[in-house]
Amino acid sequence: MITIGETMVSLCPDGAGPLSYGKNFSMHIAGAESNMAIGLQKLGHVTTFVSRLGKDEFGRFIRRMILAEGGKTECREDDQHSTGIMFKENLNADETRVHYYRKGSAASFMEPEDVKEEWIKEAAVLHLTGITPLLSESCRKTVTYAISLAQKNGVKISFDPNIRLKLWGDKDYEELIAGILYQAHIVMLGVEEAEKLFGLTEKEEIEKHIFSHGVCEYLAIKDGDKGAYVTDGSSPYFIPPFECKSIDPIGAGDAFNAGFLAGILEGKSLKECGAMGGICGAYATQTIGDIEGYMDRETLERKLQDKPDIMR
């Protein structure tokens, strides 16, 4: 798989409450596309992450983190712009607020020339989100170019709208995001995102709409702790929520995507793909940080077979 997008350093507080009370922070990696690459790599699939990183210590940290998980990076080093940063604010056990410092980041200066046709041609799937095309006009052109290369070379496209209203501001990007979604063969989105894009909340209606537009072959509708709904347009399955002790929900959707896509790449049944996504998503919420709770293959197989972990 190849994925193109933004990645940032995430600074996570060591306790709950407003940041104005001066928390200590630990440094992590965050970003929907890099999360996806790491999640899929940990499940045994070769991944390549494409972006721009600042020529700074944060950029070196991110590159090292991705490589440490076994992924491949094709990230141009930008000595004119810095790596983006985000801060998490844990207000209480159920509410996490995110503060972004990404304006003018290296990733926002990605250009089509940063993407090589041979990288996409060699991949089974190109994964994109609705975040990257909103970072800048050059990022939008980069995404459009990547899609054209995938279509030219018969590479499947995977897409998660990943709507971030802070990034939208007062602009309406519904048409842009929907336009990319209709070109994707694998679509993974949340119920609230479907409502925002299409004005639909019933899963069957969302399914009907997406499969009647574009080229979708697999659809996963994520509904948080209520589970998920997966379908190929003819055989829908409800995936019940996997029991877990949630600490930090951020990154769970990307973990679901990694598990779901891993199943598709392996030719698993649709129900198995959904179960893989559900377990990976739930497991990701049990640690602080986006990727620290992402499952390796051995752990996923144990959970799929309902075998207990051996701790001692």
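1. Start with Tyr182, since that ring is easy to find. Tyr182 is partly exposed, at 22% relative accessible area. Keep in mind that this is a predicted model, so every value here is computed from predicted coordinates. The partner ring is Phe198: the two centres lie 6.2 Å apart with the planes at 25 degrees, so the pair counts as stacked. Tyr182 belongs to the loop between α6 and β10, while Phe198 is in helix α7 (residues 191–198), and 16 residues separate the two. Phe198 comes out as buried, with 15% relative accessibility.

2. The loop that holds Tyr182 also holds His185. That stretch joins α6 (174–181) to β10 (186–190). Is His185 buried or exposed? Its relative accessible area is 16%, and because buried means under 20%, His185 falls on the buried side. Leaving out residues up to four places away in sequence, His185 touches Val155, Lys156 and Ile157, and also Val215, Cys216, Glu217 and Tyr218.

3. On aromatics in general, the model has 5 aromatic pairs. One of them is Phe25 with Phe87, an edge-to-face pair at 5.5 Å centre to centre and 80 degrees between the planes. Phe25 sits in strand β3 and Phe87 in strand β6, 62 residues apart, so to speak a link between distant parts of the chain. Phe25 is partly exposed at 35% relative accessibility, and Phe87 is also in the partly exposed class, at 22%. Ring pairs join Phe25, Phe87 and Tyr101 into a cluster.

4. There is a charge over a ring to look at as well. Arg102 lies over the face of Tyr100, and the distance to the ring centre is 4.2 Å.

5. Now the sheet around those Phe residues. What is the strand order in the open sheet of 4 strands? Reading across, the order is β3-β2-β6-β7, and the pairing is mixed. β3 (25–30) and β7 (95–101) are the edge strands, each paired on one side only. From one strand to the next, the twist averages 30 degrees. Strand β6 (residues 85–92) runs antiparallel to β7, with 7 bridges between them. For a register check, Asn90 stands opposite Thr96 in β7.

6. Helix α2 is worth a look from the side. Residues 57–68 make up this helix, which lies across β2 (8–13), β3 and β6. Its direction is at about 65 degrees to β3.

7. α2 also turns up in a β-α-β unit, built around β4. Strand β1 (residues 2–4) pairs with β4 in the parallel sense over 3 bridges, and Ile2 stands opposite Thr48 in β4. β4 is also parallel to strand β5 (residues 72–78), over 7 bridges. Here the register can be read from Val50, opposite Glu74 in β5. Between these two strands the chain passes from β4 through α2 to β5, a crossover that is right-handed.

8. How many of the residues of β4 are buried? The count is 7 of 7 for this strand, residues 48–54. In a regular strand the side chains alternate between the two faces of the sheet. For β4 both faces are covered: one side has Thr48, Val50, Arg52 and Gly54, the other has Phe49, Ser51 and Leu53, all buried. Arg52 is one of the buried residues, if you want to inspect a charged side chain there.

9. Gln41 is in helix α1 (residues 32–42). With a relative accessible area of 16%, Gln41 is buried. Its contacts beyond four places in sequence are Val46, Thr47, Glu69, Gly70 and Gly71. Gln41 and Lys72 are 31 residues apart along the chain, and their C-alpha atoms are separated by 9.4 Å.

10. Last, a backbone point. Most residues other than glycine have a negative phi. Which value does Asn162 take? Its phi is near 45 degrees, a positive value in a residue other than glycine. Asn162 lies in the loop between β9 (156–160) and α5 (165–168). The residue is buried too, at 5% relative accessible area.

How values were computed: Residues are numbered from 1 along each chain as its sequence is written. This is a predicted model: local features need pLDDT of at least 70, side-chain atom pairs count only at pLDDT 80 or more; totals for chains, interfaces and linings use all residues. Side-chain values use heavy atoms; hydrogens and water are left out. Buried means under 20% relative accessible area, exposed over 50%, partly exposed in between (1.4 Å probe, protein chains only). Contact means heavy atoms within 4.5 Å. Two strands pair if DSSP finds at least two bridges between them. Axes are lines fitted to C-alpha atoms, for helices over the stretch in contact, and angles run from 0 to 180 degrees between N-to-C directions. Rings of Phe, Tyr and Trp (its six-membered ring) pair if their centres lie within 6.5 Å; planes under 30 degrees apart count as stacked, over 60 as edge-to-face and the rest as tilted. A charge sits over a ring if NZ of Lys or CZ of Arg is within 6 Å of the ring centre and within 35 degrees of the ring normal. A crossover is right-handed if, with the strands pointing away from the viewer, the path from the first strand over the helix to the second runs clockwise.
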